[in-house]
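Q: Hey, can you walk me through this one? I'd like to get a feel for how it is put together.

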Amino acid sequence: MYQKYKNVETVKPSGLELKDRLVGVQRVTKVTKGGRAFGFSAIVVIGDENGVVGHGLGKSKEVSEAISKSVEDAKKNLVRIPLRKGTIPHEQKGKFGGARVLLMPASAGTGVIAGGAIRAVLEAVGVHDVLSKNQGSSNPHNVVKATFDALLQLRNAETVAKQRGISLDKVFNG
């Protein structure tokens, strides 16, 4: 699922204390000859609030079953996100479909300045101080995926130094 990203570290759910956050539940209608058939789709974000996060989608005729399916799906897609002192290491943009997300690090005490779907993802990751802006679509499915796009592009200073083959000192001082 995350093949296009270079530094993605996938994580196994065993041994982690994961908390799930329901982003949204949609009622889906299929019109048939005999009338309308209702179903539900749920999108959930799970994380250990310490840099590990995943998202999943579940569909079913029952709301509770859709939520449990989405939690199981989210456990299959766990990744580790680099954090720095309760915020993100640098500013990053992410996009998916019509959704555009801008994430900016913030100083300690700022809090999570984010809308619904972005907030759910950032709180599940364990970010305490961040500024964000949702641009374009407000569809929660696409906003969650755009937020993941931005988070998966984040790199900490040690990773940058290793990729460039230079010392950590040289990354900051040129």
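Here is a chat about the sheet, the helices and a patch on the surface.

Q: Before we start, what sort of model is this?
A: It's a predicted model.

Q: OK, so in what order do the strands of the sheet come?
A: There are 5 strands in an open sheet, and the order is 1-5-4-3-2. The pairing is antiparallel.

Q: And which strands stand at the edges?
A: Those are strand 1 (9-10) and strand 2 (19-32). Each has a single partner strand, so one side of each is left without a neighbour in the sheet.

Q: Does anything pack on that sheet, I mean, which helix is it?
A: Helix 3, residues 140-152. Helix 3 touches strand 2, strand 3 (35-47), strand 4 (52-60) and strand 5. The direction of helix 3 makes about 155° with that of strand 4.

Q: Back to the edge: how many bridges join strand 1 to strand 5?
A: 2 bridges, with residues 79-80 making up strand 5. Thr 10 has Val 79 as its bridge partner there.

Q: What stands opposite Val 79 on the strand 4 side?
A: That's Val 53. Strand 4 and strand 5 are joined by 2 bridges and run antiparallel.

Q: How many bridges are there between strand 3 and strand 4?
A: 8 bridges, again with the strands running antiparallel. One pair to look for is Val 44 opposite Gly 56 in strand 4.

Q: How many residues sit between strand 3 and strand 4?
A: 4 residues, and the two strands form a hairpin. Look for Glu 49 in the turn, where phi is positive at about 60°.

Q: Is strand 4 mostly buried or exposed?
A: Buried: 7 of its 9 residues are, so strand 4 is largely enclosed by the rest of the structure.

Q: Switching to helices. Why is helix 2 described as largely enclosed?
A: Because 7 of the 10 residues in helix 2 (residues 116-125) are buried. Among them are Ala 117, Ile 118, Val 121 and Leu 122.

Q: What comes just after helix 2?
A: Gly 126, with a positive phi of about 110°.

Q: Last topic: which residues make the nonpolar surface patch?
A: Leu 22, Val 25 and Val 63 make it, and it covers about 210 Å². Val 63 belongs to helix 1 (residues 63-75).

Q: How exposed is Val 63?
A: Partly exposed, with a relative accessible area of 33%. Patch residues need over 30%, so Val 63 at 33% meets that cut-off.

Note on methods
Residues numbered from 1 in each chain as written. Predicted model: local features only at pLDDT ≥ 70, side-chain atom pairs only at ≥ 80, totals over all residues. Heavy atoms only, no water. Pairing = 2+ DSSP bridges. Contact = heavy atoms within 4.5 Å. Axes fitted to C-alpha atoms, helices over the stretch in contact; angles between N-to-C directions. Patch = residues over 30% accessible without salt bridge, like charges linked within 9 Å, V, L, I, M, F, W, Y side chains within 5 Å. Areas by Shrake-Rupley, 256 points an atom, 1.4 Å probe, with all protein chains shown as cover. Salt bridge = Lys/Arg side-chain N within 4 Å of Asp/Glu carboxyl O. Buried < 20%, exposed > 50% of the residue type's maximum accessible area, 1.4 Å probe, protein only.
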